[in-house]
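Here's a quick briefing for anyone meeting this structure for the first time. Have a look at the model, then read on.

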Amino acid sequence: MAKSTGRWKCPEFIRFTVACAVLAATNVAQSEPLTLSGGLTSRFTDNAARTSSNETSDTETRVNLTLAHRTDPGKCEARTAAELGYGVWHDDTFDPRNYVALDFDGDCEIARGLSWEVSDNLRDVTQNARASDTPANRTRKNVFSTGPVYTLMLGKLDQLTVSAKYQNTDFSEPEDPDSDRYIGTASWNHLFSQTLSGGLQFSTNQAELDTGAEIDTDVASLFFSKSWQATSLSGSIGVSEIESRFGGNSQTNDGIVWNFSLDREINPVTQAYIRGSRELTDQTSDFDIRFGEVVFNLRETSAVEVTALNAGFVRQFSDASSIDVGVFGNRSEYFRTGEVEDSVGFSVNYNRTISTLLSLQTRARYQHRTFESDGINSDTYSADIGLTYELTQAFDVSGRIGHTTRDSDSGASEYHENWISLSLGYQFF
């Protein structure tokens, strides 16, 4: 629920309801069937609080529902992926907790060239990257955005797009800053050929945090998009200025900003990608949702320069197995305090169908984090393996076993954890 800050805010459950109502309205004419599944998972761990000493064993049992849907093309379109769960710790290591995740994007054509967009993204995010990732170190972040987009064709090769959006960011924990954000964007796009387009974009972003801080960001950039038979490349580069004001003090910073996305089909069974972005922003923006490996320091309420890179490939093999390999790196530089936080790592997922009813899943991950101001380095290693057996077409059972180790210059942040889980899953439709 939203916190009272002297401004009216749409509470989290109302925004969720509005998003679902918009989705329902778009489904009247035509739609693809909903997918709804449920599950029950019991997970035992020998170090529930992930502490360096006095480890405590406990078991969490969680029930969850997962929904996915995409409407057919039309004047109104929407995409929804949502998960709702509830978990209980048997020995009360943590309080019972509900788990919610939501990705919703919808738009409706109001008139020729004019549409209205709505999106809502809900995630559990880490509050303090220096501490262990436990329920006590998480907060729920909801980013709701809505507004009109107008597109005008200037001849056959040129297009002008203007948009205005209101964005609200809500955290479930009262010590984390909420914000209202007003975003205006204007862009001109020129079609140079059937496979190449580019143009100019200007945007202004005004954020009001409930702490009383105000953060204004202006960006001017050049952008392009190019495609080949098996490759697509898009990106932008420009300049940005960010001004933060709080308690009568003002600070202004500027810099070069950019983003790019490269997708390549190496062969019919192998796809590769590279993504990157640098922005001047703040912790209440949706950057960490768009680049999931980024963890903001929520104790800060100042401007931040954040750079994120990730790359990987997915390959299918003839023996009904597949491998997904990804590498990532990101840096956050907080202007007010000068703190710099870096993170690099990789992940490997391997899946194989052993028989018609039995499949194998393995995962491995490594992450190195550096906190420059504290002189602290940490390394986290994790791996797990699991089997899934289909009892019926809609009902399956799976088991997993895993281990996680975190080494750190700060002894209090180190821990070792062994865990095992058993799950039942059922697809209702």
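A residue is called buried when its relative accessible area is under 20%, exposed when it is over 50%, and partly exposed in between, using a 1.4 Å probe and protein chains only. By that yardstick, Ser408 is buried because its relative accessibility is 11%. Keep in mind that this is a predicted model, where local features need pLDDT of at least 70, side-chain atom pairs count only at pLDDT 80 or more, and totals for chains, interfaces and linings use all residues. Residues are numbered from 1 along each chain as its sequence is written, and side-chain values use heavy atoms, with hydrogens and water left out.

**The whole chain**

- The chain holds two helices and 20 strands; these are DSSP runs numbered from the N terminus, with helices being H or I of at least four residues and strands being E of at least two.
- The radius of gyration is 23 Å, which agrees with the value near 22 Å for a compact globule of 429 residues; it is taken over C-alpha atoms, and the globule rule is 2.2 Å times the number of residues to the power 0.38.
- Along its principal axes, the C-alpha trace spans about 60 × 55 × 40 Å.
- Of the 429 residues, 40% count as buried.
- Accessible surface adds up to about 21900 Å², with 57% of it belonging to carbon and sulfur atoms; such areas come from the Shrake-Rupley method with a 1.4 Å probe, and for residues only the protein chains shown count as cover.
- Among contacts (heavy atoms within 4.5 Å) with a separation of 6 or more, 52% come from residues 24 or more positions apart.
- On the charge side, there are 36 positive and 60 negative side chains, and the centres of the two sets lie 4 Å apart. Lys and Arg count as positive, Asp and Glu as negative, while His and the chain ends are not counted. Each charge is placed at NZ of Lys, CZ of Arg, CG of Asp or CD of Glu.

**Strands S6, S7 and S8**

- Strands S6 (residues 138–154) and S7 (residues 158–171) pair in the antiparallel sense over 12 bridges; pairing takes at least two bridges found by DSSP.
- In that pair, Val149 stands opposite Ser163 in S7.
- Three residues lie between the strands of the S6 and S7 hairpin, where Gly155 takes a positive phi near 85 degrees.
- S7 also pairs with strand S8 (residues 179–191), again antiparallel and over 12 bridges, and here Leu160 sits opposite Trp188 in S8.

**Two residues with a positive phi**

- Most residues other than glycine have a negative phi.
- Arg50, though, has a positive phi near 50 degrees. You'll find Arg50 in the loop between strand S1 (35–45) and strand S2 (58–70), and its relative accessible area of 16% makes it buried.
- Asp92 isn't a glycine either, yet its phi is positive at about 60 degrees. Asp92 is in the loop between strand S3 (76–89) and strand S4 (97–111), and counts as exposed because its relative accessibility is 61%.

**Ser408 and Leu358**

- Ser408 belongs to strand S19 (residues 395–408).
- Ser408 and Ile376 are 32 residues apart in sequence, with 7.1 Å between their C-alpha atoms.
- Beyond its neighbours within four places in sequence, Ser408 contacts Ile376, Asn377, Ser378, Ser413 and Glu414.
- Leu358 is in strand S17 (residues 358–371) and counts as partly exposed because its relative accessibility is 24%.
- Outside four places in sequence, Leu358 touches Thr353, Leu387, Thr388 and Tyr389.
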